[in-house]
Amino acid sequence: MMRSLSFSIAATCTLAFAVVGSAQDANYDESKVPAYTLPELLKFEDGSPVATAEHWPKRRQELLELFGEHVYGHTPAKAKETKLEAKVTQAVTDFLGGKASMKEVTLTFPGVVDGPALHLLVIAPKKAMGEPVPAFLGLNFRGNHSIHADPRITLSENWMRPDKDGLVIDNRSTEKARGTSASRWPVEMIIDRGYALATMYYGDIDPDFDDGFENGIHAVFGKPKANEWGSIGAWSWGLSRALDYLILDAQVDGAKVAVIGHSRLGKTSLWAGAQDQRFAFIISNDSGCGGAALNRREFGETVKRINTSFPHWFNDRFPTYNDNIGALPVDQHEIIALMAPRPVYVASAAEDEWADPRGEFLSAKLASPAWELFGKVGVGVDEMPGIDQPVGDTVGYHIRTGKHDVTDFDWGRYLDFADRHVK
Ligand code: GCU
């Protein structure tokens, strides 16, 4: 059943590309960015000014509602009330040659027989045996077993997108996939810096194809209404459920959990951080369209393009702005601002034009007045910095050398930022 659905999504994508063109056809010419007017961040919907930190919670709520209604979709009330049951299924204390512990936790729906199960992997430095440590939490694309080669990490059995290296066969991961995403998850570096790392396969929450919202957690919560969540909303919800668990875990300081995500999962970490203020620090790595990049620039991937290629990511109202982006009541500088006054980091890659690095920087910059309400400095610069020159005070930003990816350079900056703001 799932397999045939996955093939039909492949067909849908091909059709979609035919309709809206390819990445090659996208605009990459700064002089062709249309003139645009952004919605004003520090103005209430009734037009009155947002002038003080005391005004911010009300403005924050307005923006959250607008993003729910027009972009990512509201989280259904039933999902907001749901708490998952946690069971530790494996715990070892000799991970990374004894420097760390590793634990696997299964999160399930109380009373739902054969329902979805979310598999959280928690790796913590030795120190966490005696006292709680700050942590990074992020979803992964290829299963927990892909982030590190240790064979004790359970191989994911859930549906997975096909890959070109033969690591996934019949939409299931193979043993060969162990450790193949390790470059994106520098576990030793994170542990050596005194942080725990928690991660979960995003497909545990909602398999990433357009199945009409029947599988993953949608099987429990039912088909969404037009203004309710798509997959990004579901993945974000999963991050909050993982945080529920981490808050109770004695190894982790629940008040110091950063949420991190790359690309579509960077869009997800932003929406998770916007909705759940328990996240202490939010990181968007190359999140692009529907993430940190300004929609109205229409540079690289556009709203029309993303809604056509990935109709299951956002809610059903977002595509109504495909050809009329100027009418969208929000833009993405406002999703960044929803993190205020907490620290946030936006990162771009120089060769990742599809994600519009300049649009990502501008969002970070134009969101910064929200931090100024609190007497804090946001990104602190007016001009986009040079390559590999990180900037920012409470809003971090860098554009690094290279392609769409997560590298040690990125992690190094996130760890420095966490040392400064979270530890
Ligand atoms: C595609 C998509 C992007 C997304 C990326 C990813 O390129 O167009 O919006 O960020 O996939 O998640 O890797």
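1. A good place to enter this structure is helix α11, residues 357-367, where 8 of the 11 residues are buried, so that the helix is largely enclosed by the rest of the structure. The buried residues of α11 are Pro357, Gly359, Glu360, Phe361, Leu362, Ser363, Ala364 and Ala367. What covers them includes the helices α10 and α12 together with the strands β10 (344-349) and β11 (395-400). The model is a predicted one, and the points below should be read with that in mind.

2. For the chain as a whole, there are 13 helices and 11 strands. A compact globule of 423 residues would have a radius of gyration near 22 Å, and the chain agrees with this because its own value is 20 Å. Along its principal axes the C-alpha trace spans about 55 × 50 × 40 Å, and 59% of the 423 residues count as buried. Among contacts between residues at least 6 apart in sequence, 70% join residues that are at least 24 apart.

3. Turning to surface and charge, the chain exposes about 16400 Å², of which carbon and sulfur atoms supply 54%. There are 44 positive and 57 negative side chains, and the centres of these two sets lie 2 Å apart.

4. Helix α2, residues 56-72, is another element to inspect, since 12 of its 17 residues are buried and it is therefore largely enclosed by the rest of the structure. Among the buried residues of α2 are Trp56, Arg59, Arg60, Glu62, Phe67, His70 and Tyr72. The buried residues of this helix pack against α7 (231-248), α8, α10 (333-337) and α12 (369-372). Glycine 73 follows α2 and has a positive phi, near 90°.

5. Two of the helices that α2 packs against, α7 and α8, each hold a residue that merits a separate look. In α7 there is glycine 233, which is buried with a relative accessible area of 0%. Leaving out residues up to four places away in sequence, glycine 233 touches Trp271 and Trp313. The C-alpha atoms of glycine 233 and phenylalanine 314 are separated by 7.5 Å, although the two residues are 81 residues apart along the chain.

6. In α8, residues 264-275, the residue to look at is serine 269, which is buried and has a relative accessible area of 0%. The side chain of serine 269 reaches the backbone oxygen of isoleucine 283 at 2.8 Å. Apart from its neighbours within four places in sequence, serine 269 is in contact with Leu239, Val259, Ile260, Gly261, Ile282, Ile283 and Ser284.

7. Some backbone angles also deserve a check, because most residues other than glycine have a negative phi and most peptide bonds are trans. Leucine 96, although not a glycine, has a positive phi of about 50°, and this residue lies in the loop between β1 (85-95) and β2 (100-108). Aspartate 114 is likewise not a glycine and has a positive phi of about 55°, in the loop between β2 and β3 (117-125). Is each of these residues buried or exposed? Leucine 96 counts as buried because its relative accessibility is 13%, whereas aspartate 114, at 79%, counts as exposed.

8. The last point concerns a peptide bond, namely the one from alanine 340 to proline 341, which is cis with omega near 5°. Proline 341 is found in the loop between α10 and β10, and both of these elements are included in what covers the buried residues of α11.

Conventions: Residues are numbered from 1 along each chain as its sequence is written. This is a predicted model: local features need pLDDT of at least 70, side-chain atom pairs count only at pLDDT 80 or more; totals for chains, interfaces and linings use all residues. Side-chain values use heavy atoms; hydrogens and water are left out. Helices (H or I, at least four residues) and strands (E, at least two) are DSSP runs, numbered from the N terminus. The radius of gyration is taken over C-alpha atoms; the globule rule is 2.2 Å times the number of residues to the power 0.38. Buried means under 20% relative accessible area, exposed over 50%, partly exposed in between (1.4 Å probe, protein chains only). Contact means heavy atoms within 4.5 Å. Accessible areas come from the Shrake-Rupley method with a 1.4 Å probe; for residues, only the protein chains shown count as cover. Lys and Arg count as positive and Asp and Glu as negative; His and the chain ends are not counted. The place of a charge is taken as NZ of Lys, CZ of Arg, CG of Asp or CD of Glu. A polar contact is a pair of N or O atoms within 3.5 Å; within protein, one must be able to donate a hydrogen and the other to accept it, and residues adjacent in sequence count only if both atoms are side-chain atoms.
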